[in-house]
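Dear colleague,

I am passing on the structure we spoke about, and below it you will find my notes on what turned up when I went through it. Please read them with the model open beside you.

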Amino acid sequence: VEGKTEQCVKLDQNEAALSIALCKFSNQPESQQFVVVGVAKDYQVESSAGGWRILVHLQVSFLTKSYTFYHMRLNADCTNMELVHKTSLDEVPTAICSFQGRLLVGVGRMLRLYDMGKKKMLRKCENKVKNPLNKNQ
């Protein structure tokens, strides 16, 4: 492993990459790999520390205008990526991983399963996840 940069992909202005995964899709050839990047535009994290007694609470709010997947095809020797398509999302893509030939994504409070389509990623199913950090809900 040499640790050299093979390609640099520039995001649009005010875009931040929040999550990334290397994926294979069951509807594509077995040798084909893809990189999927979860991106937010105009992403801001506002935090304020405050507390009662010794406890400190961190308040985080996501004030963004848009969320997107960048879906890129890798070449055979993994030295070049080609943009296949972008898919708009309604909430922040915080986690992405490959799962049984599809893409499993944490989007806001949803856990979603996507498959690769011709023009965009196709949502197959979703499940609302209860926030484990807040025990009052």
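Tyr 70 stands opposite Lys 86 in strand E8, in a model that, please keep in mind, is predicted. The two strands concerned, E7 and E8, pair in the antiparallel sense over eight bridges, and they belong to an open sheet of four strands with the order E1-E2-E7-E8, in which the pairing is antiparallel. E1 and E8 are the edge strands of this sheet, each of them pairing on one side only. Neighbouring strands here are turned by 20° against each other on average, direction ignored.

Lys 86 also takes part in a salt bridge, its partner being Asp 12, with the closest N and O atoms 3.5 Å apart. Asp 12 lies in the segment before strand E1 (15–23) and Lys 86 in strand E8 (residues 81–89), so this pair ties together parts that are 74 residues apart in sequence. Both ends are partly exposed, Asp 12 with a relative accessible area of 41% and Lys 86 at 39% relative accessibility.

The second sheet I would point you to is again open and made of four strands, in the order E9-E10-E11-E12, and its pairing is antiparallel. Strand E9 (93–99) and strand E12 (121–128) stand at its edges with a single partner strand each, so one side of each is left without a neighbour in the sheet. The average turn between neighbouring strands of this sheet is 25°, direction ignored. Within it, strand E11 (residues 110–116) and E12 pair in the antiparallel sense over seven bridges, and Tyr 114 stands opposite Arg 123 in E12.

A search of the whole structure finds eight salt bridges, and two of them link strands of this second sheet. In one, Asp 115 is joined to Arg 102, the closest N and O atoms being 3.4 Å apart; Asp 115 is in strand E11 and Arg 102 in strand E10 (residues 102–107), 13 residues apart. Asp 115 is buried, with a relative accessible area of 9%, whereas Arg 102, with 28%, is partly exposed. In the other, Glu 126 and Arg 112 form a salt bridge whose closest N and O atoms are 2.8 Å apart. Glu 126 lies in strand E12 and Arg 112 in strand E11, so the pair ties together parts that are 14 residues apart in sequence. Glu 126 counts as partly exposed at 38% relative accessibility, while Arg 112 counts as buried because its relative accessibility is 2%, under the 20% that sets the limit for a buried residue. Through shared partners, salt bridges join Asp 90, Arg 112, Arg 123 and Glu 126 into one network.

Turning to the interior, in soluble globular proteins nonpolar side chains tend to be buried together. The largest nonpolar core in this model has 17 residues, of which Phe 25, Phe 69, Ile 96, Leu 103, Val 105 and Tyr 114 touch the most other members. At least two residues of this core come from each of E1, strand E2 (34–41), strand E7 (66–74), E10 and E11. Taking Val 105 as an example, and not counting residues up to four places away in sequence, its contacts are Phe 69, Pro 93, Ala 95, Ile 96, Met 110, Leu 111, Arg 112 and Tyr 114. Apart from the largest core lies another, of six residues, among them Val 37, Tyr 70, Met 72 and Leu 74.

For the protein as a whole, there are zero helices and 12 strands. Of its 137 residues, 30% count as buried. Among contacts with a separation of 6 or more, 44% are made by residues 24 or more positions apart.

Finally, a word on confidence. The pLDDT averages 82 over the protein, and 79% of the residues score at least 70. Over residues 51–62, however, the pLDDT is below 50, although this stretch has 20 contacts in the model beyond near neighbours in sequence. Where pLDDT is low, the predicted coordinates should not be read in detail.

With best regards

How values were computed: Residues numbered from 1 in each chain as written. Predicted model: local features only at pLDDT ≥ 70, side-chain atom pairs only at ≥ 80, totals over all residues. Heavy atoms only, no water. Pairing = 2+ DSSP bridges. Axes fitted to C-alpha atoms, helices over the stretch in contact; angles between N-to-C directions. Salt bridge = Lys/Arg side-chain N within 4 Å of Asp/Glu carboxyl O. Buried < 20%, exposed > 50% of the residue type's maximum accessible area, 1.4 Å probe, protein only. Core = buried A, V, L, I, M, F, W, Y, C linked by side-chain atoms within 4.5 Å. Contact = heavy atoms within 4.5 Å. pLDDT = per-residue confidence, 0-100.
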